Amino acid sequence: MTKDKAHISVQDLNVHIGGNHILKDINIDIPNKSVTSIIGPSGCGKTTLLKTFNRLHDTAADVKVTGKVLVDGEDIYDPNTEITHIRKKMGLLSQRPYPLPMSIYDNVAYGPRIHGIRKKQDLDIIVEKQLKATALWNEVKDRLNSSATRLSIGQQQRLCLARGLAVGPEIILGDESTSALDPVSTSIIEDLFVKLKQDYSIVLVTHILRQAARVSDYIIFVYNGRIVEYGKTEQVLRDPHEELTKEYVKGYIV
């Protein structure tokens, strides 16, 4: 994959946490407008890698990051890089939904308001657009002023996705974002990822190989802090090159 097609380019990345070497010599290009899944056993560094993409490690004092992470060619770990500018480019969907303790409407309008959008007419357009984008509008359009915490957990996760999209990101990051959901809600979220890749680059951490197969264009297999294999999803799952990958996906049928 050529670098001019990469939305995120990781170069010689190493991450130490509390003296432990978690990520080791990571070099990877993640393409634009596609779904890339990061897979691997528990504790292999999947979530740590995802967090380097929007500098979520910055709040911890015992983390050391070396190397480069380029987003649109800009090194997000350069001391002169403005962090809020980088994070605005990325929406994060975590394992469990965390709606803000306010109305459904205000959850989606929260980010745009922070970025200076105040007119109700403009906010109305954004709220409706993003609730429709996350297949939630028809379910909540008659109760936009009710508390977001009254939604089902699956609806809350879609609301959190809508909240993230409302600030106009370029990249969606998902950290086991369906692990707390029932099968129906999981299917809805997966369908949304496939649809949203028309406009966004999506990077997901998942431990479910079948989910990676359903939604991903590319797979990154991480083992013991290193990238063991990276390629198109069908190739990685059907005919992996590395023995470690073969063992991990053994028994999987595309």
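Hi everyone. Before anything else, one definition: I'll say that two strands pair if DSSP finds at least two bridges between them. And please keep in mind that this is a predicted model.

Let's start at the N-terminal end of the chain, with strand β1, residues 6-17. It pairs with β2, residues 20-31, in the antiparallel sense, over 8 bridges. If you'd like a landmark, find I8: across from it in β2 is I30. What links the two strands? They make a hairpin with 2 residues between them, and G18 in that turn has a positive phi of about 55 degrees.

β1 has another partner too: β4, residues 63-71, again antiparallel and again over 8 bridges. Here you can look for V15, whose bridge partner in β4 is V65.

Now, over to the open sheet. In which order do its 6 strands run? The order is β6-β7-β8-β3-β9-β10, with mixed pairing. β6 (90-93) and β10 (226-232) are at the edges with a single partner strand each, so each has one side without a neighbour in the sheet. On average, neighbouring strands here are turned by 15 degrees against each other, ignoring direction.

Within this sheet, β3 (residues 35-39) and β9 (residues 218-223) run parallel, joined by 4 bridges. S37 is the residue to click on, as it stands opposite I219 in β9.

Finally, what packs on the sheet? That's helix α7, residues 183-196, which touches β3, β6, β7 (171-175) and β8 (201-205). Compared with the direction of β8, the direction of α7 makes an angle of about 145 degrees.

That's my tour, thanks for listening!

Methods. Residues numbered from 1 in each chain as written. Predicted model: local features only at pLDDT ≥ 70, side-chain atom pairs only at ≥ 80, totals over all residues. Heavy atoms only, no water. Axes fitted to C-alpha atoms, helices over the stretch in contact; angles between N-to-C directions. Contact = heavy atoms within 4.5 Å.
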